[in-house]
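The following exercises concern one structure. Each sets a task and then works through the solution step by step.

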Amino acid sequence: MATIVDCPTCGAKVEWTEKNKFRPFCSERCKQIDLGAWAEEKYAIPAVNLPQEQEDDSSSMQ
Ligand SMILES: [Zn+2]
């Protein structure tokens, strides 16, 4: 009755069990790769959307 998921990094079949502490990743390496990619993406996106949305919202209320 084990749930099988795909490793987000390499696509390998991963058994979703308590024993697999790297789930949903197949290994620690795949987990680190995915975390690294996420951090890079976070740094790459400048925070310009939120101020623009707030400005637009307040101007439409006046
Ligand atoms: Zn993997």
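**Exercise 1. Describe the hairpin and its turn.**

Step 1. β1 and β2 form a hairpin, with six residues between them. Strands here are DSSP runs of E of at least two residues, helices are runs of H or I of at least four residues, and both are numbered from the N terminus. The model is a predicted one, in which local features need pLDDT of at least 70, side-chain atom pairs count only at pLDDT 80 or more, and totals for chains, interfaces and linings use all residues. Residues are numbered from 1 along each chain as its sequence is written.

Step 2. Strand β1 (residues 3-6) runs antiparallel to β2, and four bridges join the two; strands pair if DSSP finds at least two bridges between them. Within this pairing, D6 stands opposite K13 in β2.

Step 3. In the turn, G11 has a positive phi of about 80°. Most residues other than glycine have a negative phi.

**Exercise 2. Locate the cis peptide bond.**

Step 1. The bond from R23 to P24 is cis, with omega near 5°. Most peptide bonds are trans.

Step 2. P24 belongs to the loop between β2 (13-16) and α1.

**Exercise 3. Assess the length and exposure of α1.**

Step 1. The expected span is 1.5 Å times one less than the number of residues. For the 17 residues of α1 this gives 24 Å, and the end C-alpha atoms are 24 Å apart, which agrees.

Step 2. A residue is buried if 20 or more other C-beta atoms lie within 10 Å of its own, exposed if 12 or fewer, and partly exposed in between, with C-beta atoms placed from the backbone. The number of buried residues in α1 is zero, so the helix lies largely in the open.

Step 3. I33 is found in helix α1 (residues 28-44). I33 has 15 other C-beta atoms within 10 Å and is therefore partly exposed. The C-alpha atoms of I33 and T9 are separated by 7.2 Å, although these residues are 24 apart along the chain.

**Exercise 4. Summarise the whole chain.**

Step 1. The protein chain has two helices and two strands, in the order β-β-α-α from the N terminus on.

Step 2. Of its 62 residues, 5% count as buried.
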